[in-house]
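Trainee: I am new to this one. Please show it to me, and then let us go through it step by step.

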Amino acid sequence: MARELVQRNELGRTAAVGVDVARFGDDQSVIRTRVGRDAKSFPPKRYRELDTMQLASRVAEHLDYLKGLGLRTVVFVDGGGVSAGNGGSTSPTQVRGDRGPVR
């Protein structure tokens, strides 16, 4: 897990979450988080052989965790080379942003 205590000056700050979507094979899907210039406090989460629905669920869980720490979130997804999500699809109601469903 990431750090247990969040410094008071981080409450309300924004966590930038990057998601690199990989398909099956040798590639890994990676969720990477940073707050400000700090990218070390949250180690990368690496996954193999997840379809897009499973990865979307992992991203949503991670966002819930960050929000529980008092952080706002913004997500950047690298979707190039995903083959349009073969093997799964993401419904707008399954992944939610700070202001409602991601569309």
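Mentor: Begin with the elements. This is a predicted model, and its chain has one helix and six strands.

Trainee: In what pattern do they follow along the sequence?

Mentor: Read the chain from its start. There is one helix among six strands. Strands stand on both sides of that helix, and the pattern is β-β-β-α-β-β-β.

Trainee: In what order do the four strands of the open sheet lie?

Mentor: Start at the edges. β3 (45-47) and β4 (72-78) each pair on one side only. The pairing in this sheet is mixed, and the order is β3-β2-β1-β4.

Trainee: In which sense do β1 and β4 pair, parallel or antiparallel?

Mentor: Look at two partners. Ala15 has Thr73 as its bridge partner in β4. Ala16 stands opposite Val74 in β4. Both numbers rise together, and over seven bridges the sense is parallel.

Trainee: How do β1 and β2 run, parallel or antiparallel?

Mentor: Use the same approach. Gly18 stands opposite Arg32 in β2. Val19 stands opposite Ile31 in β2. Six bridges join these strands, and they run antiparallel.

Trainee: How many bridges join β2 to β3?

Mentor: One pair to look at is Ser29 and its bridge partner Tyr47 in β3. The two strands run antiparallel. The number of bridges joining them is three.

Trainee: By how many degrees are neighbouring strands of this sheet turned against each other on average?

Mentor: Here the direction of the strands is ignored. Parallel and antiparallel neighbours are therefore treated alike, with angles taken between fitted axes. The average is 15 degrees.

Trainee: At about what angle does α1 run to β2?

Mentor: Place the helix on the sheet. α1 lies across β1, β2, β3 and β4. Its angle to β2 is about 20 degrees.

Trainee: How many residues of β2 are buried?

Mentor: Buried means under 20% relative accessible area. In the chain of 103 residues, 33% are buried. β2 is mostly covered, and of its seven residues the buried ones number five.

Trainee: Which residues touch the most other members of the largest nonpolar core?

Mentor: This core holds 15 residues. The elements that give two or more of them are β1 (14-20), β2 (29-35) and α1 (52-68). The largest share, four residues, comes from α1. The members that touch the most others are Leu55 and Leu71.

Trainee: Is Glu49 buried or exposed?

Mentor: Find Glu49 in the loop between β3 and α1. Its phi is near 60 degrees, a positive value in a residue other than glycine. The relative accessible area of Glu49 is 55%. Exposed means over 50%, so Glu49 is exposed.

Trainee: What is the volume of the largest cavity?

Mentor: The structure holds one cavity of 30 Å³ or more. Its lining includes Ala22, Phe24, Ser29, Tyr47 and Glu49. Ser29 and Tyr47 are also the bridge partners we met between β2 and β3. The volume is about 30 Å³.

Trainee: What share of the contacts with a separation of 6 or more comes from residues 24 or more positions apart?

Mentor: Take the contacts in the chain with a separation of 6 or more. Then pick out those between residues 24 or more positions apart. Their share is 59%.

Note on methods:
Residues are numbered from 1 along each chain as its sequence is written. This is a predicted model: local features need pLDDT of at least 70, side-chain atom pairs count only at pLDDT 80 or more; totals for chains, interfaces and linings use all residues. Side-chain values use heavy atoms; hydrogens and water are left out. A nonpolar core is a set of buried Ala, Val, Leu, Ile, Met, Phe, Trp, Tyr and Cys residues joined through side-chain atoms within 4.5 Å. Buried means under 20% relative accessible area, exposed over 50%, partly exposed in between (1.4 Å probe, protein chains only). Two strands pair if DSSP finds at least two bridges between them. Axes are lines fitted to C-alpha atoms, for helices over the stretch in contact, and angles run from 0 to 180 degrees between N-to-C directions. Contact means heavy atoms within 4.5 Å. On a 1 Å grid over the protein atoms alone, a cavity is a set of points where a 1.4 Å probe fits but cannot get out, and a pocket is an open set with protein on both sides within 12 Å along at least five of seven lines; lining residues have an atom within 4 Å of a point. Grid points are joined across faces, edges and corners, and a volume is the space filled by probe spheres set on the points.
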